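Me: Got a minute to go through this model with me? I'd like to start with the ligand.

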Amino acid sequence: DGSEVKEIEQYTEENNKSKQPSDLQGIAKDKNVILISAESLQTFVLNEEVNGKEITPFLNDLVEDSFYFSNFYHQTEQGKTSDSEWIVDTSLYPLSRGAVFFTNSENETSATPEIISDYGYTSAVFHANNKSFWNRSVMYDTLGYDHFYSEEAYDVNDENSIGWGLTDKAFFKQSIKYLEAMEDPYYAKFITLTNHHPFNLPEEEQSIDKYDSNSKTLNNYVTTVRYMDEAIEQFFEDLKASGEYEDSIIIIYGDHYGISENHNKAMSQFLGKEITPYEHVQLQRVPLIVHIPGYEDTSTITKVSGQMDLKPTILSMLGIETIHDVDFGTDLFTNDIEPLVVLRNGSFITQDVVYTADKCYDRETGEELDMETCEPTKSQAQSELRYSDSLIYGDLFRFYSTGYQEFEEKNKAN
Ligand code: GP9
Ligand code: MN
């Protein structure tokens with residue numbers, strides 16, 4: 001019933017809400033937000049080379065000119081890309097089985113697109129795949145998106161298709177006209193596709209050598225990652241040329257891993273170390289790049305963070321107060337909350353430890369620690385997952401939405 005909502009709200013207030021204003025509070029007020037969900041992009045490829053050539057030259061440069069979160073984890077499960085979308089827009093966990101996009105698509109939610117529509121924002125998703133894939137056309141309504149530019153909105157043919165469909169380069173090119181036509185300010189999410197398993201790319205499109213290992217998947221992966229890197233670079237150029245760049249902040253994140261543990265032997269060769277359970281958790285890091293045009297005082301932020309931190313972080317940058325919203329993430333530009341990243345399988349990461357598969361490790365060294373060190377956080381992690389499941393299975397935002405709206409009214413009046 002509704003009483004559990006109070007308990008959960010209290011938990012998230014105490015554990016996730018900063019008492020101090022964020023360093024970047026309101027920095028992007030009334031600006032456009034451009035999100036790029038980078039398919040299967042993992043952190044381990046950044047600043048790495050294959051045969052003397054950088055895998056991600058554009059992103060490597062961009063990182064220097066942006067806030068870059070080097071210990072940012074994906075938190076997805078079976079719902080893959082759709083889970084990442086759910087987590088990013090709601091700051092809730094995905095489910096341990098199945099995809100929320102299918103199982104709970106009629107739920108009441110408090111998602112970013114819906115919240116910011118009250119502050120004059122228009123929202124859209126751009127993704128050149130069939131609109132019913134992952135039940136997106138239904139779920140995007142639930143999350144409050146105004147527009148969905150799916151495959152139908154694009155000119156897709158044999159020449160501009162690779163693997164799953166439209167190439168990332170053609171996708172971004174063709175998207176610009178829609179973006180230009182959108183009413184400002186907007187919240188626009190772009191979901192790339194070319195860097196998807198099995199990472200096939202015609203030879204003439206390959207700008208770097210394949211990797212050389214026993215894993216065809218990893219060997220191919222570096223070439224499609226590079227392709228996506230070039231597509232994003234071209235998109236930045238087009239954003240500048242079209243005048244959209246200056247009035248926007250651009251946030252790039254990896255949706256989930258691309259290289260599964262079936263390729264541990266090749267990964268171990270690539271990284272030059274054994275893939276222990278600890279390393280496996282560390283391989284769940286995906287890049288998060290927050291790029292604010294014209295803002296120069298940026299840095300690499302090493303504190304641990306996760307996909308569910310994006311909603312509170314974005315709302316805070318937009319200057320939108322979310323004190324009474326239920327989020328399991330925290331505003332990444334505040335400093336008074338002890339970071340905790342919980343993965344859906346119960347593994348978790350703090351500044352000090354990595355817990356996985358019933359073992360506790362020192363986060364910096366990977367050295368195994370006594371389980372007692374991890375025990376208190378383990379129960380907190382478990383209760384977070386339980387709370388989030390309750391919210392989803394019980395459709396508890398039905399009870400919550402009224403309170404939030406009252407708060408919003410008050411907030412706007414002030
Ligand atoms: C499909 C794309 C990829 O539209 O989002 O989905 P994934 O297999 O990564 O979940
Ligand atoms: Mn994906």
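Reply: Sure. One term to begin with: a polar contact is a pair of N or O atoms within 3.5 Å; within protein, one must be able to donate a hydrogen and the other to accept it, and residues adjacent in sequence count only if both atoms are side-chain atoms. Also, this is a predicted model, where local features need pLDDT of at least 70, side-chain atom pairs count only at pLDDT 80 or more, and totals for chains, interfaces and linings use all residues. Residues are numbered from 1 along each chain as written, chains are lettered from A and ligands numbered from 1 in the order written, and side-chain values use heavy atoms, leaving out hydrogens and water.

Me: OK, how far is an oxygen atom of ligand 1 from an N or O atom in the side chain of Glu-39?

Reply: 3.1 Å. For the Thr-81 side chain, an N or O atom is 2.7 Å from a ligand 1 oxygen, and Arg-136 has a polar side-chain atom 2.7 Å from an oxygen of ligand 1.

Me: And how much of ligand 1 does the protein bury?

Reply: 95% of the 310 Å² that ligand 1 exposes when taken alone. Those areas are Shrake-Rupley with a 1.4 Å probe; for residues, only the protein chains shown count as cover.

Me: Which residues are around ligand 1?

Reply: Among them are Lys-80, His-127, Asn-129, Phe-133, Trp-134 and Trp-164, counting a residue if one of its heavy atoms lies within 4 Å. By class, the shell has 4 nonpolar, 5 polar and 3 charged residues. Nonpolar covers Ala, Val, Leu, Ile, Met, Phe, Trp, Tyr, Cys and Pro; charged covers Asp, Glu, Lys and Arg; the others, Gly among them, are polar.

Me: What does the UniProt "binding site" annotation cover?

Reply: Glu-39, Thr-81, Asp-255 and His-256, according to the unreviewed entry. They're spread over 218 residues of sequence, yet the largest C-alpha distance is 7.7 Å. UniProt positions follow the numbering used here, feature names are shortened, and annotations may be inferred rather than shown by experiment.

Me: Is Glu-39 buried or exposed?

Reply: Buried, at 2% relative accessible area. The cut-offs are under 20% for buried, over 50% for exposed and partly exposed in between (1.4 Å probe, protein chains only). Thr-81 is buried too, at 6%.

Me: What does Glu-39 touch?

Reply: Including only residues over four places away in sequence, its contacts include Thr-81, Asn-195, Met-228 and Asp-255. Contact means heavy atoms within 4.5 Å.
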